[in-house]
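These entries record what I looked up on salt bridges and pockets. I begin with one side chain and work outwards.

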Amino acid sequence: MTDRTLITIEDIRAAHDVIDGRVRHTPMMRSAQLSDRLGVELHLKLELFQKTGSFKVRGALNRMSALTADERKRGVVTMSAGNHAQGVALAAREMGTHAVIVMPAKAVRSKVEATRTYGGEVVLTDADLVETMKSIQAARNLVEVSPFDDPAVIAGAGTVGDEILDDVPQADVILVGVGGGGIVSGVAVAALARRPGIRVIGVEPVGAAAMRLSLDRGSPQKLDKTDTVADGLAAPHAGALTFAHVKQLGLEIVTIPDSAIVDAMWTIIERCKVIAEPAAAAGLAALLSGAVKVEPGSSVVCIVTGGNADREKLRSLA
């Protein structure tokens, strides 16, 4: 990692120091049944037990801890389908500032309600999220907190990777869903620094594959539309910084259909007794569907990134 556009393991360790005591070291679960079924040693990193129900609070806290007194007085703005929204709202409350969060009009209702409960000001829109956020930022002189394309956000997400290697130091493969690419970038930096040669694989829905398209075309791409049941992975574009990480670190990015994601989500619920949202099941979906092949007996970690699925969402996917 000679290019300083990439974060480093030192950045991730610094982020850990910032958020330590504010977030949880989430549990690692070994699934005997799924290990036998897949012929690997399968572990699930349960970030759905994180504060706000997803990993996103890690990056939000790390980024917003660096706000100046003036910036805290002005407040922040971001865009999110829901998990980053909750992380920013909670971080804003802890930092004594105000957060405005632009969310899709069709966002999962429980995510909207939770964001408001944490103190966030939610703006629902059918318009372009980025354009709406930029308009509000300019009108109210707010500080933008990117959902993924910010070194502090990536470093915060990267603490997940550091925890994985603490708990499963023999890990051969790590799989995680990709939206904008923040967590796959941060986890890869941590994992490769500690275990060179480890495979870090990002998984995207076919209907929201901005990172895969970006790799194929050689530059960050914006999607005309997204169409996936995994709202947490429906980022409208790949970030310039996250794309740089994925490309320069040589990360694998695969795509899978929504049907595989839904099947993996119910497998986690039925076999592991934890309620993952669709986006959180993407890593396991890639294994179960055969989109990713690993050596028999490999030590594999799937990051279950969040658990913010409401009853209406689950009912529609039954």
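Entry 1. I looked up Lys-45 in this predicted model and found a relative accessibility of 0%. Lys-45 therefore counts as buried, the limit being under 20%. I then searched for its partner, which is Glu-163; the closest N and O atoms of this salt bridge are 2.6 Å apart. Lys-45 belongs to strand 2 and Glu-163 to helix 8 (residues 151-167), so the bridge ties together parts that are 118 residues apart in sequence. Glu-163 is buried as well, with a relative accessible area of 7%.

Entry 2. I stayed with strand 2, which covers residues 41-46. Glu-41 in this strand forms a salt bridge with Arg-30, and here the closest N and O atoms are 2.6 Å apart. Arg-30 lies in strand 1 (residues 28-30), so this pair joins parts that are eleven residues apart in sequence. I noted a relative accessibility of 33% for Glu-41, which counts as partly exposed. Arg-30, at 39%, is also partly exposed.

Entry 3. I next checked a pair within one helix. Arg-109 and Glu-113 both lie in helix 6 (residues 109-117), four residues apart, or about one turn of the helix. The closest N and O atoms of their salt bridge are 3.9 Å apart; the cut-off is 4 Å. Glu-113 is partly exposed, with a relative accessible area of 45%.

Entry 4. I listed the salt bridges and counted 19 in the structure. I also found a network of them that links Arg-13, Asp-162, Asp-166 and Arg-194.

Entry 5. I turned to the pockets. Which residues are the closest to the centre of the second largest pocket? They are His-16, Asp-20, His-25, Arg-58 and Glu-163, out of 13 lining residues. Glu-163 is thus the residue I had already recorded as the partner of Lys-45. This pocket holds about 150 Å³ of space. Helix 1 (9-19) and helix 8 each give two or more residues to its lining, and helix 8 has the largest share, four residues. I recorded two nonpolar, four polar and seven charged residues in this lining.

Entry 6. I closed with the largest pocket, which contains about 1,100 Å³ of space. Its lining has 50 residues, and the closest to the centre are Ala-81, Pro-104, Thr-226, Asp-231 and Ala-234. Helix 5 (83-95), helix 7 (129-140) and helix 9 (182-194) each supply at least two lining residues; the largest share, three residues, comes from helix 9. I noted 22 nonpolar, 16 polar and twelve charged residues in the lining.

Methods
Residues numbered from 1 in each chain as written. Predicted model: local features only at pLDDT ≥ 70, side-chain atom pairs only at ≥ 80, totals over all residues. Heavy atoms only, no water. Salt bridge = Lys/Arg side-chain N within 4 Å of Asp/Glu carboxyl O. Buried < 20%, exposed > 50% of the residue type's maximum accessible area, 1.4 Å probe, protein only. 1 Å grid on protein atoms, 1.4 Å probe; cavity = no way out; pocket = protein on both sides within 12 Å on 5 of 7 lines; lining within 4 Å. Points joined across faces, edges and corners; volume = space filled by probe spheres on them. Nonpolar A, V, L, I, M, F, W, Y, C, P; charged D, E, K, R; others polar.
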